[in-house]
Amino acid sequence: MEIDPWLPRAAAQRPDGAGLVTPEGSVSYAELLLGATRAAGALAARAVKPGTRVAIALPPGRAFVETLHACGLLGAAAIPVDPRLGERERSEQTRTAAVVVDAPLSGDTGLFVAQEAWDPDAVALVVHTSGTTGAAQPIELSFGNVAAHVRAATDATELRSSDRWLCPLPLSHVGGLMAALRCAARSATLVLEPPPFDAGRVARALGEDVNVASLVPTMLQRVLDAGVTAGPSLRLIVLGGGTVTRALLLRARASGLPVAQSYGLTQACSTVTLSEPGDLDTAGRPLHGFGLSIAEDGEIFLTGDAVAGRHVVHTGDLGRLDEAGRLVVVGRKADTIITGGENVAPAEVEAVLESHPGVAEAGVFAREHPLWGEAVSAKVVAIEGEAPSAAELRAHCATRLAGYKVPKSFELVGALPRTGSGKLLRREL
């Protein structure tokens with residue numbers, strides 16, 4: 001299988017079309033290719049060649065995107081690194097890189113041999129997991145993996161060259177990274193809203209001229225709080241990055257937002273399943289090329305050409321398939337709380353807590369308990385102006401959950417610990 005680099009093709013098809021839009025302005029595909037070519041020349045001058053690992057420690061923006069495509073032009077392996085990381089984490093994530101790019105590359109186009117076709121088995125990306133259950137782990141994704149994912153995801157989202165894809169996710173996260181590559185593959189426009197997340201700006205973009213957007217649940221909640229209204233061209237919001245409550249989905253539906261739940265993981269280049277917009281109950285069916293099965297204990301197993309190493313991935317996530325073959329994600333296997341011999345999925349309890357009118361967010365975790373072994377415990381962020389009591393929250397849960405699932409303790413906090421992509425850091429609760 002030969003895979004042609006996407007950026008030169010996009011620049012040939014739409015040279016004057018916008019390839020990238022940032023708060024600083026619009027960049028055409030011709031300009032993007034020129035910038036990537038100059039960056040590739042600068043990297044080649046530093047002995048970067050096919051297979052060389054290049055860490056990109058730049059904020060989301062034009063320089064990051066050009067450097068990412070420069071690695072593709074050279075057949076090098078890109079390692080996206082969040083520039084907000086501390087020194088220890090940054091050092092760990094860049095330790096296998098021959099070159100670390102932490103400032104925009106400049107200069108003339110230089111001399112290098114451009115890749116006419118990618119080797120599908122060569123490493124294209126080394127992306128670190130979000131680190132929600134432990135230290136972030138590097139995942140090697142081949143050009144074949146990436147191409148298989150991009151093909152499946154662009155088909156599922158019906159991405160067209162005239163589309164504008166809004167991405168407020170970090171480009172160091174696989175969700176944001178793949179949005180950039182999908183746009184290049186279909187000559188579409190990537191609209192970046194880099195961190196820190198600005199709910200007002202994102203809400204305005206959703207109400208104006210974007211067609212597709214990538215959000216995580218916390219972002220969706222904040223744009224709803226900002227009074228977002230769906231624009232006439234908006235046809236799809238891909239919602240991923242963690243569990244989402246029915247109450248939040250109902251709010252989105254009432255606001256006219258076409259939200260489609262998704263399930264994905266770094267080992268599969270991001271999105272694995274995608275629901276129909278408005279589906280309140282499932283994460284949808286697998287994208288083309290993915291095989292998904294449920295083990296006896298409820299763990300989700302995954303196969304497919306987009307999966308790292310093309311082997312069976314034991315995801316560590318728990319789920320089930322409904323009668324139509326759609327995935328319902330229950331939670332993380334490692335997060336399961338065993339209290340008095342009974343299993344409790346924190347995500348189920350969080351969904352109940354977040355259905356309380358005074359609760360904005362909830363995080364459920366286990367505390368050691370001399371009688372129960374583990375006690376279900378909750379930290380709650382209240383909606384501004386509200387302060388629900390522990391007794392009120394307990395009563396709310398008791399009418400909706402089995403007794404052993406009701407938290408033994410409740411604590412009001414100002415915020416929950418989250419990763420840069422918005423996932424709950426349960427281990428820090």
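This is a short tour of a predicted model, stop by stop.

**Stop 1: the nine-stranded sheet**

Select the strands in the order β2-β1-β9-β8-β10-β11-β12-β13-β14. These nine strands form an open sheet with mixed pairing. Strands of a sheet pair through backbone hydrogen bonds, either parallel or antiparallel. Now go to the edges, which are β2 (25-28) and β14 (285-286). Each has a single partner strand, so one side of each is left without a neighbour in the sheet.

Move inward to β11 (residues 236-239) and β12 (residues 259-265). They run parallel and are joined by three bridges. To find one of the pairings, pick I237; its bridge partner in β12 is V259.

Next, show helix α8 (residues 217-225). Helix α8 lies across β10 (212-215), β11 and β12. Its direction runs at about 115° to β10.

**Stop 2: two packed helices**

Select α2 (residues 29-44) and α3 (residues 62-74). Two packed helices are described by the angle between their axes and the distance between the axes. For α2 and α3, the angle is about 65° and the axes are 7 Å apart. The crossing of α2 past α3 is right-handed.

Which residues make the contact? Show side chains for these:

- From α2: E31, L32, G35, A36, T37, A39, A40, L43 and A44.
- From α3: R62, V65, E66, H69, A70, C71, L73 and L74.

By class, the residues of this contact are 11 nonpolar, three polar and three charged.

**Stop 3: a loop residue**

Select L85, in the loop between β4 (77-80) and α4 (87-94). Leaving aside neighbours within four places in sequence, L85 is in contact with R90 and Q93. For a distance check, add T129, which is 44 residues away along the chain. The C-alpha atoms of L85 and T129 are separated by 14 Å.

**Stop 4: the three-stranded sheet**

Select β21, β22 and β23, which form an open sheet in that order. The pairing is mixed here too. Which strands stand at the edges? They are β21 (359-369) and β23 (409-412). Each has a single partner strand, so one side of each is left without a neighbour in the sheet. Ignoring direction, neighbouring strands of this sheet are turned by 25° against each other on average.

Add helix α11 (residues 390-398), which packs on the sheet and touches β21, β22 and β23. The direction of α11 makes about 125° with that of β23.

Now follow the pairings. β21 and β22 (residues 373-382) run antiparallel, joined by 10 bridges. A hairpin of three residues links β21 to β22. Pick H369 and you will find G373 of β22 opposite. Pick E361, and the bridge partner in β22 is V381.

On the other side, β22 pairs with β23 in the parallel sense over four bridges. Here A378 stands opposite F410 of β23. Is β22 mostly covered or uncovered? β22 is mostly covered, with seven of its 10 residues buried.

**Stop 5: the cysteines**

How many disulfides does a search of the whole structure find? The search finds zero. Select C183, which is in no disulfide. The nearest cysteine sulfur is that of C167, 8.3 Å away. A disulfide needs the two sulfur atoms within 2.5 Å.

Colour by accessibility to finish. C183 counts as buried because its relative accessibility is 1%. C397 is at 0% relative accessibility, so it also counts as buried. The cut-off for buried is under 20%.

Definitions and conventions
Residues numbered from 1 in each chain as written. Predicted model: local features only at pLDDT ≥ 70, side-chain atom pairs only at ≥ 80, totals over all residues. Heavy atoms only, no water. Buried < 20%, exposed > 50% of the residue type's maximum accessible area, 1.4 Å probe, protein only. Axes fitted to C-alpha atoms, helices over the stretch in contact; angles between N-to-C directions. Left-handed = near helix turned anticlockwise from the far one by under 90°. Contact = heavy atoms within 4.5 Å. Nonpolar A, V, L, I, M, F, W, Y, C, P; charged D, E, K, R; others polar. Pairing = 2+ DSSP bridges.
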